[in-house]
Amino acid sequence: MRAVDIIQKKRDGIELTDAEISFFLDGAMGGTVPDYQLSAFLMAVYFNGMTKEELKTFTSKMMHSGDLINFEGIKKFLIDKHSTGGVGDKTTIALAGLFAAFDIGTAKLSGRGLGHTGGTIDKFEAIDGFKFPETKEELINMVNETGTGIMGYSDKIVPLDKKLYSLRDVTATVSSIPLIASSIMSKKLAVQADGIILDVKVGSGAFMKDIDQARELAKTMLSIGDSFNRKVVTVLTNMDQPLGHAVGNANEIIEAIETLKGRGPEDFTELVETIVALALQIKGDVSTLEEGKAKVLEAIKSGKAIDHLKAFIACAGGNPDLVDDYSLLPKAKHEVEVKSKKSGWVYRIEAEEIGKSAMVLGAGRETKEDIIDHSVGVILKKKVGDYVKEGETLAIIQYNDKNLDSSIKLLEDAYTIEDREVSKTNVIFEIHSVNVL
């Protein structure tokens with residue numbers, strides 16, 4: 001068997017056997033298949049895709065290229081929620097309180113942010129003293145005690161994905177749906193969970209720019225989940241504007257807390273309620289989404305959700321009093337209001353530009369070496385469908401001593417205001433699942 005023959009088969013659109021995929025990927029990991037041949041293979045996949053059987057073998061090889069994380073010591077029903085990333089996406093913070101309120105555990109590996117989207121770990125590190133588990137044992141103890149355990153990715157988890165991604169990045173194959181799907185699902189499948197919920201962002205602030213592309217990704221990930229007989233739900237959600245009103249690490253902590261107090265923005269609240277309701281369906285506690293949402297509202301109204309978030313923060317070494325005293329979170333030195341230059345309805349907000357507006361202040365990283373400023377960010381006062389008068393505030397920029405003019409320009413350019421009335425947009429487009437109902 002030769003690598004070049006496998007590349008040729010994939011180039012010509014002929015389905016590869018399990019043995020051929022295994023031979024090729026084992027060679028990639030072992031160094032007998034050089035990067036130039038691996039690059040050629042990735043381009044062939046980009047143009048010809050993969051069959052369900054090919055994807056199953058490909059994903060399995062990725063998954064088993066490193067350690068598998070099993071949580072034998074966890075006594076809770078585990079849900080792993082993953083988001084493809086978006087501006088203002090602080091969902092995991094709110095879920096920490098709500099999942100625990102229903103005795104649902106979440107033990108997940110999360111990353112730091114790079115570019116205009118912030119990482120979950122960066123957000124929690126806005127809390128003074130907050131420490132993530134460093135070992136599997138610490139993670140299990142935290143989940144059993146609080147319901148929530150989050151730790152950073154290890155190089156030992158799916159190392160083949162890291163190798164492939166670095167090549168995809170320099171060979172213009174990042175946007176291949178089968179490669180994206182196998183990358184995400186190999187990491188999800190490598191970590192034990194009773195159910196997987198995938199929040200697939202769609203729009204200007206997301207990697208998937210249009211609904212058809214996002215639908216294809218969701219369908220492919222569901223197919224992979226089905227191949228491994230796993231319970232998987234995909235939720236296609238709107239990222240044509242930032243989620244909620246707050247962008248920036250401390251800002252997003254506050255907005256997530258406000259949501260657990262029943263005072264969150266409409267779009268973010270809808271997303272959080274839906275994801276928890278889906279988790280309750282996967283667990284078997286409810287039969288319908290509406291029944292699940294009613295239970296979520298009860299957990300918020302009773303204060304159970306906020307109490308569980310406090311317990312999680314305390315267990316991680318943070319001060320739980322910040323839930324009622326936001327002055328305990330980092331605060332920027334200055335604020336400036338960005339005013340509308342005309343009257344009309346907000347027609348569009350380019351989410352990616354808002355993300356960049358916060359990033360240049362220090363809320364995100366342009367390079368891996370950049371240090372996050374947890375205090376800076378943007379608060380949106382107007383969203384799509386809102387009416388705004390000339391001179392009225394569109395957004396507030398919270399800044400220290402970095403790139404204010406650039407931030408203002410990016411934010412102003414992000415808003416499109418029209419003379420005609422514009423409808424508000426839904427946050428959830430579609431929900432699909434396998435092996436759940």
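How accessible is N403: buried, partly exposed or exposed? In this predicted model, N403 counts as partly exposed, at 38% relative accessibility. The residue sits in the loop that runs between β11 (393-399) and α16 (404-414). Its backbone deserves a look as well: although N403 is not a glycine, its phi is positive, at about 55 degrees.

A second asparagine invites a visit alongside it. N229, also not a glycine, has a positive phi of about 55 degrees. Its setting is the loop between α10 (211-227) and β5 (232-238). Here the relative accessible area is 61%, and N229 is therefore exposed, the cut-off being over 50%.

Attention turns next to helix α15, which covers residues 351-363. A straight helix of 13 residues would span 18 Å at 1.5 Å a residue, yet α15 spans only 15 Å between its end C-alpha atoms. The helix is mostly covered, with 10 of its 13 residues buried. Among them are A351, followed further along by I354 and G355. The buried set also includes S357, A358, M359, V360, L361, G362 and A363.

The last stop is H82, which is found in strand β1 (residues 77-83). With a relative accessible area of 17%, H82 is buried, because the limit for that class is under 20%. Leaving aside residues up to four places away in sequence, H82 touches I184 and K188, and its contacts also include I197, L198 and D199.

How values were computed:
Residues numbered from 1 in each chain as written. Predicted model: local features only at pLDDT ≥ 70, side-chain atom pairs only at ≥ 80, totals over all residues. Heavy atoms only, no water. Helix = DSSP H or I, 4+ residues; strand = E, 2+ residues; numbered from the N terminus. Buried < 20%, exposed > 50% of the residue type's maximum accessible area, 1.4 Å probe, protein only. Expected span 1.5 Å × (residues − 1). Contact = heavy atoms within 4.5 Å.
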